[in-house]
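Visitor: Please walk me through this model. I would like to learn how to read its features.

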Protein chains: 2
Amino acid sequence: MKILVVEDEHLIANALKKGLEQEHYIVDLAFDGLEGYDFAASGDYDLIILDLMLPQMNGLEICKNLRQEKIHIPILMLTAKSQLDDKVEGFNSGADDYLTKPFAFEELLARIRALSRRPQKTDGEILTVGDLSLNLSNYEVIRQNKKILLSSKEYSLLECLMRHSDKILNKDQLIQHVWSYESDILPNTVEVYIRNLRQKIDKNYKVKLIKTIRGFGYKISD
Amino acid sequence: MKILVVEDEHLIANALKKGLEQEHYIVDLAFDGLEGYDFAASGDYDLIILDLMLPQMNGLEICKNLRQEKIHIPILMLTAKSQLDDKVEGFNSGADDYLTKPFAFEELLARIRALSRRPQKTDGEILTVGDLSLNLSNYEVIRQNKKILLSSKEYSLLECLMRHSDKILNKDQLIQHVWSYESDILPNTVEVYIRNLRQKIDKNYKVKLIKTIRGFGYKISD
DNA sequence: TAAAAATTTCAGTTTATTTTCAGCTTCGGA
DNA sequence: TCCGAAGCTGAAAATAAACTGAAATTTTTA
């Protein structure tokens with residue numbers, strides 16, 4: 001689950017990044033409107049947190065432009081309470097939700113969960129493949145009633161695979177989804193994590209869920 | 001599916017080539033405008049990815065010239081964010097779509113699919129010949145409800161034949177489409193792959209889809 | 001700040017795919 | 001019906017993709 005935060009105040013931006021990362025989101029930052037728009041338009045994110053007041057291009061414009069480009073990523077707009085009146089305009093521009101600063105971090109998390117859940121057919125907040133389940137709200141991974149402990153990256157990779165279950169994802173796609181855009185990760189890293197996941201998820205079970213499709217990539221399926 | 005990338009920055013060009021090849025496209029590179037125009041005019045490609053800023057001849061000119069020559073291959077124009085204003089002019093010059101750098105590779109793939117889908121009668125993203133189907137989005141090949149596993153090259157070859165179903169393609173054409181133009185592959189290699197495909201696709205079925213037309217080439221048809 | 005854990009890279013191995021080779025078969029025209 | 005070109009085939013050689021154990025590096029935790 002990859003989130004773009006567009007916020008010009010570095011302090012706030014970094015705090016958000018840190019907090020969200022602790023919640024196992026992958027977070028990229030953009031510090032002005034133009035940069036934010038370009039990042040957002042890449043289509044590489046599952047959700048965008050957008051400050052209203054931004055240098056270069058403000059949140060409303062970004063929003064409008066993205067929607068015009070037929071990019072329908074969920075957008076959560078941040079606004080100072082003094083700008084509350086722009087709320088209506090904000091919704092018109094295509095934002096999906098609103099949050100006025102200052103806000104409690106829990107509030108933000110709740111809304112992110114609400115937004116990211118929306119377009120999915122996830123059964124509650126749980127992704128399932130065969131007898132394997134991944135609970136998005138408490139990060140519990142369970143196979144055959146046995147809890148499985150994963151590291152942060154292992155979890156992200158598994159989540160990515162499970163969100164696209166049955167679909168083949170190649171290593172570059174996985175890198176793009178699971179790691180931040182700056183990082184240049186070797187394809188071998190993905191291989192290593194797939195191996196780790198297999199040790200924990202498949203090793204002790206007859207049915208192997210993670211499949212290698214040589215020359216194409218990996219997928220998870222029952 | 002053969003794509004020409006015209007891009008003077010070698011790093012980007014090679015990254016694109018690599019990425020697209022992993023998606024089973026056949027990719028050729030041109031590094032300046034003139035070279036790009038010549039390659040494009042050969043009519044050997046299914047799609048052209050064109051950088052706006054190029055030495056010798058820029059993207060807009062290439063576009064215009066090609067359209068003047070009545071060459072209507074889909075063109076996807078790449079532009080840096082600072083050049084966003086040229087967008088309008090770009091569409092006027094005959095480009096079919098636009099993408100601002102930097103972009104996520106998935107975005108590029110989505111647009112390529114959109115463009116290449118346009119002139120075809122592909123039922124969604126599925127190519128069909130008789131009871132054989134090839135799903136372009138998850139690489140699944142199915143005949144009579146039975147999944148068929150193909151290697152990467154086998155898949156590319158089959159995709160090529162199916163995109164031009166009923167049309168006879170000779171070995172040189174197949175080499176040009178499935179392998180890159182630099183590679184010097186023996187015609188026998190094609191024979192070997194046709195054989196492999198037949199083993200997997202035709203062997204256990206009464207109706208044989210892959211046909212040899214001695215002296216002319218191969219075709220796939222019902 | 002030292003120890004533990006997680007992340008990433010490295011280098012060697014295994015495994016599958018790609019390509020070539022050499023001999024064989026088939027087809028069509030002299 | 002015989003010959004040569006075109007195509008087919010099984011297997012070997014060359015290449016490439018994926019896997020693996022362990023080391024190096026970074027981050028987290030106590």
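**Cores, sheet and DNA surfaces**

Guide: The largest nonpolar core has 56 residues, and those with the most contacts inside it are B:Ile3, B:Leu4, B:Val5, B:Ile48, B:Ile49, B:Leu50 and B:Leu158. Its largest share, five residues, comes from helix α6 (residues 152-163) of chain B. Keep in mind that this is a predicted model.

Visitor: Why look for nonpolar residues together?

Guide: In soluble globular proteins, nonpolar side chains tend to be buried together.

Visitor: Which residues does B:Leu4 touch, beyond those up to four places away in sequence?

Guide: B:Leu4 touches B:Asp28, B:Ala30, B:Phe39, B:Ala40, B:Tyr45 and B:Ile48. Apart from the largest core lies another, of 53 residues. Among them are A:Ile48, A:Leu52, A:Leu78 and A:Leu136.

Visitor: Which residues of helix α7 of chain B are buried?

Guide: In α7 (residues 171-178), B:Leu174, B:Ile175, B:His177 and B:Val178 are buried. Next, ask what covers them. The cover includes β1 (2-6), β2 (26-30), α6 and α8 of chain B.

Visitor: Now the sheet. What is the strand order in the open sheet of four strands in chain B?

Guide: The order is β6-β7-β8-β9, with antiparallel pairing.

Visitor: Which strands stand at the edges?

Guide: Those are β6 (126-129) and β9 (146-148) of chain B. Each has a single partner strand, so one side of each lacks a neighbour in the sheet. From one strand to the next, the twist averages 25 degrees.

Visitor: How many bridges join β7 to β8 in chain B?

Guide: Three bridges join β7 (residues 132-135) to β8 (residues 141-143), and these strands run antiparallel. To check the register, take one residue. B:Ser133 has B:Ile142 in β8(B) as its bridge partner.

Visitor: Which strands does α6(B) lie across?

Guide: α6(B) lies across β6, β7 and β8 of chain B. Against β6(B), the helix runs at about 70 degrees.

Visitor: Next, backbone angles. Where is B:Tyr139 found?

Guide: B:Tyr139 sits in the loop between β7 and β8 of chain B. Its phi is positive, about 65 degrees, although B:Tyr139 is not a glycine.

Visitor: Is B:Tyr139 buried or exposed?

Guide: Count neighbours. B:Tyr139 has 21 other C-beta atoms within 10 Å, so it is buried. The cut-off for buried is 20 or more.

Visitor: What is the phi of B:Gln56?

Guide: The phi of B:Gln56 is near 80 degrees, again a positive value in a residue other than glycine. B:Gln56 lies in the loop between β3 (47-51) and α3 (59-68) of chain B. With 14 C-beta neighbours inside 10 Å, B:Gln56 counts as partly exposed.

Visitor: Now the DNA. Which residues come nearest to DNA strand C?

Guide: Of the 22 residues around DNA strand C, the nearest are A:Ser151, A:Ser152, B:Ser151, B:Ser152 and B:Lys153. Then look for elements. Those giving two or more residues to this surface are α6 (152-163) and α8 of chain A, with α6 and α8 of chain B. The residues near strand C divide into six nonpolar, ten polar and six charged.

Visitor: Which residues come nearest to DNA strand D?

Guide: There are 16 residues around DNA strand D, and A:Thr212, A:Arg214, B:Glu191, B:Arg195 and B:Thr212 come nearest. Two or more residues each come from α8 (187-202) of chain A and α8 (187-201) of chain B. The surface near strand D divides into four nonpolar, six polar and six charged residues.

Terms used
Residues numbered from 1 in each chain as written. Chains lettered and ligands numbered in written order. Core = buried A, V, L, I, M, F, W, Y, C linked by C-beta atoms within 7 Å. Buried ≥ 20, exposed ≤ 12 C-beta atoms within 10 Å, placed from the backbone. Contact = placed C-beta atoms within 7 Å. Pairing = 2+ DSSP bridges. Axes fitted to C-alpha atoms, helices over the stretch in contact; angles between N-to-C directions. Near = placed C-beta within 6 Å. Nonpolar A, V, L, I, M, F, W, Y, C, P; charged D, E, K, R; others polar.
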